[in-house]
Amino acid sequence: MDTLTLASELTGRPVVTLGGDLVAEVKDTVFDGLAGRITGFTLNGRGLLAGPLKESLPWSAVHALGRNAVMIPGREALAEPAAVLPPGKDTGGAVVGIRVLTDAGREAGTVRDVVVEPDGKVAGFQIVAADALDHRRRTVFIPRDEALAASGQALVVSDDASRFVAQDLPSFTAQVENFRARRAGHPVGKEHP
Amino acid sequence: MMILLSQVKGLRVVTAEEAVELGTVDSLTLDPATGGISRLRLAHGGRVSGVAWPDVRAVGPDAVIVSSADTLSPAPAQDSGRPEVVGARVLTELGDEQGTVKDIGFDPVTGLVQTVYTTLGSVAGEQLRGLGDYALVVRAG
Amino acid sequence: MAWWGWLILAVVVLCLVVAALMTIQLRRRSGTVIAVQRRGRRMGKGGA
């Protein structure tokens with residue numbers, strides 16, 4: 001697995017065409033809470049004085065999500081906002097601050113950030129741990145379970161995943177791999193309450 | 001054969017047909033599509049103008065010879081908004097920064113860029129992908 | 001009030017206006033992480 005990034009750190013990252021032109025800056029990172037993948041970005045205009053743009057950037061049009069820029073083939077990659085944020089009642093919402101529950105019904109904490117991979121996959125979440133997870137209520141990283149979801153209301157993680165918690169991003173990379181290897185060995189959904 | 005932009009910068013630009021001095025080389029404009037120089041930018045008395053590469057007859061050790069004074073065109077028409085190559089940020093197409101451009105080595109006959117020297121190393125001319133207002137984009141690897 | 005009193009007042013008011021505008025602008029540009037659910041499979045309760 002490649003270098004992990006906090007989604008909140010994507011805000012402000014320049015959106016640059018392969019021709020080298022700066023067209024926008026990332027505002028919000030939007031991800032599908034079921035598929036666990038980034039679906040796109042809402043955008044700000046370039047420069048501090050510019051406001052939010054009417055256009056957005058769907059993930060399908062992203063050439064690469066780099067450390068210093070989001071690369072797109074050209075300006076035509078930008079699309080109407082509906083391409084990223086579907087209009088209507090179920091648009092979801094901001095995930096920072098929402099409750100994290102384990103699939104065993106335990107309170108795990110509140111979401112602080114979302115950890116993404118360069119290919120747009122959500123690797124896990126940074127959460128402010130609840131008592132049950134960490135007595136010192138520290139900020140920890142917890143892997144995402146393929147079968148569980150996030151919405152604008154809550155995030156459900158595997159009860160198991162709490163055993164793969166990491167304190168920092170570099171060690172989280174290893175923990176995500178451990179967690180996935182374990183998941184591969186134990187098919188999801190065979191445990192019953 | 002290769003010559004550096006830093007060696008060419010400041011050379012006098014003289015026309016072959018009239019033998020008049022048009023100014024000195026200030027910078028150059030790249031065309032990443034062809035991987036070559038598209039224009040030479042000239043400075044003369046604080047004003048900036050340019051000569052298209054096909055009108056450049058020779059880039060020598062002591063002067064640059066262009067066909068005639070007619071080839072000179074005011075820069076703003078084509079060069080406005082054109083970024084300065086030296087000092088430009090270098091980005092790989094994967095979105096990772098690779099320093100900034102220090103110098104450019106090109107073939108003085110064909111005008112093809114052979115090497116881009118950056119603060120972190122060098123990039124072969126064939127790897128150029130685009131030069132815009134934000135960065136010089138190069139192929140990764 | 002002396003003329004410089006008005007001057008200081010004007011500068012202070014100007015600073016406040018600029019600070020307010022900057023705050024508004026930073027708030028407009030601030031970003032977050034948003035969860036959406038694309039294919040409508042198993043929506044959460046309520047779905048506000």
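## Exercises on the chain contacts

Chain B and chain A have 14 residue pairs in polar contact, with both residues at pLDDT 80 or more. Keep in mind throughout that this is a predicted model.

**Exercise 1. Work out which elements and residue classes make up the side of chain B that touches chain A.**

Solution. Start with the polar contacts just mentioned: 14 residue pairs between chain B and chain A. Next, look for elements of chain B that give two or more residues to this side: they are strand 9 (89-92) and strand 13 (128-131). Strand 13 of chain B has the largest share, with three residues. Finally, sort that side by class, and you get six nonpolar, four polar and five charged residues.

**Exercise 2. Describe the contact between chain B and chain A by residues, buried area and salt bridges.**

Solution. Count the residues: chain B brings 15 and chain A brings 17. Now the area: about 1200 Å² is buried between the two chains, and carbon and sulfur atoms give 53% of it. Then go for the charged pairs, where the count is two salt bridges between chain B and chain A. A:Arg67 forms a salt bridge with B:Asp96, and their closest N and O atoms are 3.9 Å apart. The cut-off is 4 Å, so a pair at that distance still gets in.

**Exercise 3. Find out what else A:Arg67 is up to, using the second largest pocket.**

Solution. The second largest pocket has a lining of 13 residues. Lying nearest its centre are A:Thr3, A:Leu65, A:Gly66, A:Arg67 and A:Pro118. So there's A:Arg67 again, by the definition of a lining residue with an atom within 4 Å of a pocket point. The volume of this pocket comes to about 290 Å³. By class, its lining splits into five nonpolar, four polar and four charged residues.

**Exercise 4. Which chains share the most contacts, and what does each of them give to the contact?**

Solution. There are two pairs of chains in contact, and chains A and C share the most contacts. Chain C puts in 19 residues and chain A puts in 42. Between them they bury about 2500 Å², with 47% of that on carbon and sulfur atoms. On the chain C side, C:Arg29, C:Val33 and C:Arg38 lose the most area to chain A, together 30% of what that side buries.

**Exercise 5. Track down the salt bridge between chain C and chain A, and say why the pair joins two chains.**

Solution. The rule finds one salt bridge across this interface. Side chains of opposite charge can pair when their charged atoms come close. Here the partners are A:Glu25 and C:Arg29, at 2.5 Å from N to O. A:Glu25 sits in strand 3 (residues 22-32) of chain A and C:Arg29 in helix 1 of chain C, so the pair joins two chains. For scale, the structure holds 16 salt bridges over all chains.

**Exercise 6. Sort out the rest of the chain C side.**

Solution. Begin with the polar contacts: chain C and chain A have 18 residue pairs, both residues at pLDDT 80 or more. Two elements of chain C give two or more residues to the side that touches chain A, namely helix 1 (3-29) and strand 1 (33-36). Strand 1 of chain C gives the most, with four residues. By class, that side has six nonpolar, six polar and seven charged residues.

**Exercise 7. How far apart are the closest C-alpha atoms of chain B and chain C?**

Solution. Those atoms lie 20 Å apart, and no contact joins chain B and chain C.

Methods:
Residues are numbered from 1 along each chain as its sequence is written. Chains are lettered from A and ligands numbered from 1 in the order in which they are written. This is a predicted model: local features need pLDDT of at least 70, side-chain atom pairs count only at pLDDT 80 or more; totals for chains, interfaces and linings use all residues. Side-chain values use heavy atoms; hydrogens and water are left out. On a 1 Å grid over the protein atoms alone, a cavity is a set of points where a 1.4 Å probe fits but cannot get out, and a pocket is an open set with protein on both sides within 12 Å along at least five of seven lines; lining residues have an atom within 4 Å of a point. Grid points are joined across faces, edges and corners, and a volume is the space filled by probe spheres set on the points. Ala, Val, Leu, Ile, Met, Phe, Trp, Tyr, Cys and Pro count as nonpolar, Asp, Glu, Lys and Arg as charged, and the others, Gly among them, as polar. Contact means heavy atoms within 4.5 Å. Buried area is the accessible area (1.4 Å probe) that two parts lose on being put together, summed over both. A salt bridge is a side-chain nitrogen of Lys or Arg within 4 Å of a carboxyl oxygen of Asp or Glu. A polar contact is a pair of N or O atoms within 3.5 Å; within protein, one must be able to donate a hydrogen and the other to accept it, and residues adjacent in sequence count only if both atoms are side-chain atoms.
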